Every structure is written in C-alpha cells, then in structure tokens.
Amino acid sequence: MAMSLCGDTLSCNFPKCRAKLTGFAWVTACSHAFCDQHGSSEFSHAPAICPACSSILSGKLDIVRTEMSPSEEYKAMVLAGLQPDIVLDISTRALAFWSYQVYQERMYQGYKLSRAEADIKKMEKVLTQQHQSREMELSTIKGELASLKKVTEEYKRKYSEVSERLMERNRQYQKLQGLYDSLRLRNMVVGDTERGTPLQQGYEFHTGMVHPASPQENLQFSNMDLEEEDQLFSSLEPDRAAQTFFQFSSPAKGQGWPYKK
C-alpha cells in the first residue's frame, strides 16, 4: 500500500485541467490540490472559493502554497523540535490528504472508464443497427437483381424467338419474290404471244423448217404449268402472314393459257 501511494502522482482538481502537480501546488483545507496556474488565478481574490467543492476558504491557513519536491534542508527543519505525537499527527493528516487525493483520482478515472464503456456500447448498438440496415438493403438489392436477371433472360428468349420468326419471314419473302418474278416473266411471255410474235405463236423450228405446234400440245403445256402453279401456292397456303407481302392472281384452271390454232 505504501509503495502504491508513493508511486501515484497527484493531479490538479480544477475542472477540465487534471494536470500532474509538479513544482508548486496549492492545497486547501477541504483536501483539494490545484496547479500553480489555476491556484494563483482562483485564490487571488477574497473570499476564496474552492473550484472543486465550492467551499469558502476564509481562514488564514485554509489555503497553502507548497513545494511538491522540497529540499533536504526544508525536510530537516520543517518538523524539527516538535513532539513525537505532533509529528505523528501531522504525518497522519498528510497521509490522509494524500490517500484522499489518490482515491478521488481513481474514482475520477473509474468514472471516465464507465463513460467510455457506455459510449462504446452505444456505438456498438448504433453500428449493429447500421449493419442490420445494410444487410436488409443488400438483401433487397439482391432480390431486385435476381428479378432483373429473370426479366433479362425472358427478353433474351423473346428476342431469339422474334429473330427466328423474322428469319422465317425473310425466307418466305425471298420465296414469294422468286415466285413473283417467275410469274411476271410468264406474263411477259404470254403478252408477247398475244401480240403475235412468230417465235412465241406456238411454232416449232426443226432443222430450218417451221412446224406449227398442235393445239393439243399447247393445251398440255398450259395444263402442266397450271398444276405446278397450284402445287406451289398450296405449299404456301398455311402461312397466312406471308400472304400480306404480295397478292397474286393466276388464270383460272378452266381457261388455260391462250394459244394459236
């Protein structure tokens, strides 16, 4: 206990100071100690009031300015000539003052420690709440991200289907375009035949001799073309959407293609 007391250093009891006492210090009858700076400023006017406990210090020896590290001569003469019981009484009171100061300092440090622990718990609570809030936000964002991925996959699937349908429409369009070109060419040939072109009036050329084709041969050729045309249109009949590109009209089966007798 003695080593503990000797190892401690007193601190200034002025609020918000708490500086270690070195050099000169001001001690009061109410068992408080102050650094030389605050003691000189607080006790320079009358009546003097203790800044720590607000006690009125009006006595002549209620406030004493003392040296914290006295010289050897002072130690040898300060209690010289006093009776042993007085020396013991003075020593006891000095030790009591020191013990009280150490106790107050430790109480103050314990109070600061409890305040710090309370602040730490408060901050931990706030951090826990923030962590939970962030976890909830993160889970919400993950759910939204998952839903967006599903929507994206759905759009990709629809895009693939539309692309395939578009390619199919393009193939049907190319097929219909070829059919249209062949029909237009056939109509041009028929028009030239009606205008009386010798080459397309049904004549046949063999080794320099011109022989008119018989009506039966022209009729057979026309019927064969009509059958092929019907088969082509019947193969395209199920696709109703493709019919919107072009509308074709072919000669009736009963009429046949015109020919010269």
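**A small sheet and a helix patch**

Author: Start with I86, at 37% relative accessibility, which makes this residue partly exposed. This is a predicted model.

Reader: Okay. Which helix holds I86?

Author: I86 is in helix α4, which covers residues 84–194.

Reader: Why does I86 count as partly exposed and not buried?

Author: Because 37% falls between the cut-offs: buried is under 20%, exposed is over 50%.

Reader: And which residues form a nonpolar surface patch with I86?

Author: L82 and I90. Together the three have about 220 Å² of accessible area.

Reader: New topic, the sheet. What is the strand order?

Author: The order is β2-β1-β5. The sheet is open, has 3 strands and pairs antiparallel.

Reader: Which strands are at the edges?

Author: β2 (33–35) and β5 (63–67). Each of them pairs on one side only.

Reader: How much is the twist from one strand to the next?

Author: The twist averages 30°.

Reader: What holds strands of a sheet together, in general?

Author: Backbone hydrogen bonds pair them, either parallel or antiparallel.

Reader: Back to this one. How many bridges join β1 to β5?

Author: There are 5, and the two strands run antiparallel. Strand β1 spans residues 24–28.

Reader: Which residue in β5 is opposite V27?

Author: V64. One step back, W26 has R65 as its bridge partner in β5.

Reader: What about β1 and β2, how many bridges there?

Author: 3 bridges, again with the strands antiparallel. A25 stands opposite C35 of β2.

Reader: How many residues lie between those two strands?

Author: There are 4 residues in that hairpin, between β1 and β2. S31 takes a positive phi there, near 65°.

Reader: Now T28. Where is T28 placed?

Author: T28 is in strand β1.

Reader: Is T28 buried or exposed?

Author: Buried. The relative accessible area of T28 is 8%, and the cut-off for buried is under 20%.

Reader: What does T28 touch?

Author: Leaving out residues up to four places away in sequence, T28 touches F34, F43, L57, D62, I63 and F97. Of these, F34 falls within β2 (33–35) and I63 within β5 (63–67).

Reader: One last thing. How do side chains sit along a regular strand?

Author: They alternate between the two faces of the sheet.

Conventions
Residues numbered from 1 in each chain as written. Predicted model: local features only at pLDDT ≥ 70, side-chain atom pairs only at ≥ 80, totals over all residues. Heavy atoms only, no water. Patch = residues over 30% accessible without salt bridge, like charges linked within 9 Å, V, L, I, M, F, W, Y side chains within 5 Å. Areas by Shrake-Rupley, 256 points an atom, 1.4 Å probe, with all protein chains shown as cover. Salt bridge = Lys/Arg side-chain N within 4 Å of Asp/Glu carboxyl O. Buried < 20%, exposed > 50% of the residue type's maximum accessible area, 1.4 Å probe, protein only. Pairing = 2+ DSSP bridges. Axes fitted to C-alpha atoms, helices over the stretch in contact; angles between N-to-C directions. Contact = heavy atoms within 4.5 Å.
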